[in-house]
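Q: Please take a close look at one part of this structure, and then set that part in the context of the rest of the fold.

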Amino acid sequence: MSRWRSKSAASTLPLVLGVSAQGVAWCVPGTASSNWQTWAWPEGADGPAALRDWVLKLAPEIEGTGQPVQVCLAPSLAQHWVQSVPAQTASLVELHAVAAARAQQLWGPTPGGWMVTGDWQPEGAFLCTAVPAVWEPVWKAMRERWGEIALHTPLLLAQQQGQAVWPQNGWLAVAVAQRLYVQHREGGRMASLRSVRWPDESTLEALQTQAVQEGRREMLRAGSGPEELHWLALCEGGERATENAGLKPVAWRKAGMPAAPLDAPEAVHAAWCARQSVEGAWHAA
């Protein structure tokens, strides 16, 4: 089982954290899901070292909830891609090596290499996630302070919660945590994935236009004609940004549930995704 899969929820909400390359956001159990606290480390500081010190010295104390602390890693930390399985791959060890090499090819070398995980498949293609290994001491410090933790990313949480309403075959654009993902789905699985960072000071209308452009580009690259593009924006007002005739909205939360503003810090978006997941607020309308 992937270490990135979400844990089952209990009646008492756990501590929820969102972590980006610039800071951390959290929501203490028992507080409103819009009551986010944030801390950004000084510019130029070593992110892993700064966050580790925060965890050990400044992070909130919590009483046992019977659940792991939920940690959602924003796109500035966690990278995604669809990994194909080479025909000559003979073992899971070889497949791990292939994925690790692909991470370095896509995202460049990083001190200590990349932590890579995925829904490992013996054939076809599957989604992979990579995080720089220099952050591993942070997860260790979290376990020392709170016990078990569950690592997530916004895209993986959206995928787990939205499987019932996402198209089994076709195209989907997901805007979440300052990243736009365009994916092609075949038989309920990702066949391809394109990741694009939101431009600074984006509006929902601009994101919608960008999604259509990126979707058309990916359809052309895949050799398919123009197809319907489903749209999911996990931010405040996102479900209403569907005026463009090239997009079909996908329902994703209960009416009235608070959402993260579009211009909120990336760590807040990540923490919000985890909080919505543990509350079970994403659903098929």
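A: Strands β10 and β11 form a hairpin with 2 residues between them, and in its turn Gly 187 has a positive phi of about 60°. This is a predicted model, in which local features need pLDDT of at least 70 and side-chain atom pairs count only at pLDDT 80 or more, while totals for chains, interfaces and linings use all residues. Residues are numbered from 1 along each chain as its sequence is written, and side-chain values use heavy atoms, with hydrogens and water left out.

In the hairpin, β10 (residues 179-186) and β11 (residues 189-197) run antiparallel and are joined by 8 bridges; strands are DSSP runs of E with at least two residues, helices are runs of H or I with at least four, both numbered from the N terminus, and two strands pair if DSSP finds at least two bridges between them. One of these pairings places Leu 180 opposite its bridge partner in β11, Val 196.

Elsewhere in the protein, which has 6 helices and 13 strands, an open sheet of 5 strands follows the order β3-β2-β1-β4-β8 with mixed pairing. Its edge strands, each pairing on one side only, are β3 (37-40) and β8 (149-152), and the twist from one strand to the next averages 20°. Strand β2 (residues 23-27) pairs with β3 in the antiparallel sense over 4 bridges, and Gly 23 has Ala 40 in β3 as its bridge partner. Helix α6 (residues 266-279) packs on this sheet, touching β1 (16-19), β2, β3 and β4 (69-73), with a direction at about 145° to that of β1; axes are lines fitted to C-alpha atoms, for helices over the stretch in contact, and angles run from 0 to 180 degrees between N-to-C directions.

Helices α1 (residues 47-57) and α3 (residues 136-146) pack with axes 9 Å apart and at an angle of about 0°, which makes α1 roughly parallel to α3, a label given to angles under 35 degrees. Among the residues that meet are Leu 51, Trp 54 and Val 55 of α1, and Val 138, Ala 141 and Met 142 of α3, where contact means heavy atoms within 4.5 Å. This contact comprises 10 nonpolar, no polar and 4 charged residues; Ala, Val, Leu, Ile, Met, Phe, Trp, Tyr, Cys and Pro count as nonpolar, Asp, Glu, Lys and Arg as charged, and the others, Gly among them, as polar.

Of the 285 residues of the protein, 52% count as buried, that is, under 20% relative accessible area with a 1.4 Å probe, protein chains only.

Notes. Buried < 20%, exposed > 50% of the residue type's maximum accessible area, 1.4 Å probe, protein only. Parallel < 35°, antiparallel > 145°, perpendicular 65-115°, else oblique.
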